[in-house]
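Reader: I've got a model open and I'd like to know what stands behind the labels people put on it. Can we go through them one by one?

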Amino acid sequence: MWKQENNTLYRKFEFKDFSQAFGFMARVALEAEKMDHHPLWTNVYNRVEIWLSTHSAGDIVTDKDKKLAEKIDGLL
């Protein structure tokens, strides 16, 4: 579940292993690129953390972030 905190949408994902986490990141990257919207994220082994905000709107949460979050959820 996405949480709104510190002017971002945040979610942590955990996978079986690094390969599944990295595959998820690749799918997210393709969707983000289509939207010209690029998340802040980290990956450590099987964990991926994502923070979404719209830089051009002053680093706040916008509909663009909410739409990307929905797309990301659809990739699970």
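Author: Sure. This is a predicted model, and a good place to start is Glu 49, which touches Tyr 10, Arg 11, Lys 12, Leu 40, Trp 41 and Thr 42, leaving out residues up to four places away in sequence.

Reader: What makes those residues count as touching Glu 49?

Author: Contact means heavy atoms within 4.5 Å. Tyr 10, Arg 11, Lys 12, Leu 40, Trp 41 and Thr 42 are in contact with Glu 49 on that basis. Glu 49 itself sits in strand β4, residues 47–52.

Reader: Why is Glu 49 called buried?

Author: The cut-off for buried is under 20% relative accessible area. Glu 49 has 15%, so it is buried.

Reader: And Tyr 10, why is that one called buried?

Author: Same kind of check: buried means under 20%, and Tyr 10 comes in at 12%, so the label fits. You'll find Tyr 10 in strand β2, residues 8–14.

Reader: How do you know that the side chains of Glu 49 and Tyr 10 make a polar contact?

Author: A polar contact needs a pair of N or O atoms within 3.5 Å, with one able to donate a hydrogen and the other to accept it. The side chains of Glu 49 and Tyr 10 are joined by such a contact at 2.4 Å. The side chain of Glu 49 also has a polar contact with the side chain of Arg 47, at 3.5 Å.

Reader: What else is Tyr 10 in contact with, neighbours within four places aside?

Author: Its partners include Met 1, Trp 2, Lys 3, Glu 5, Ile 50 and Trp 51. Tyr 10 and Ile 50 are 40 residues apart along the chain, yet their C-alpha atoms are separated by 5.7 Å.

Reader: Zooming out, which order do the elements run in from the N terminus?

Author: They go β-β-α-β-β-α, which comes to two helices and four strands.

Reader: Why is the chain called as compact as a globular protein of its length?

Author: The radius of gyration is 12 Å, and the globule rule gives 11 Å for 76 residues; the two are close, so the chain is as compact as a globular protein of that length. The C-alpha atoms fill a box of roughly 35 × 25 × 15 Å along the principal axes.

Reader: How much of the chain is buried?

Author: Buried residues make up 38% of the 76 residues. As for the surface, the chain exposes about 4,900 Å², with carbon and sulfur atoms supplying 52% of it.

How values were computed
Residues are numbered from 1 along each chain as its sequence is written. This is a predicted model: local features need pLDDT of at least 70, side-chain atom pairs count only at pLDDT 80 or more; totals for chains, interfaces and linings use all residues. Side-chain values use heavy atoms; hydrogens and water are left out. The radius of gyration is taken over C-alpha atoms; the globule rule is 2.2 Å times the number of residues to the power 0.38. Buried means under 20% relative accessible area, exposed over 50%, partly exposed in between (1.4 Å probe, protein chains only). Accessible areas come from the Shrake-Rupley method with a 1.4 Å probe; for residues, only the protein chains shown count as cover.
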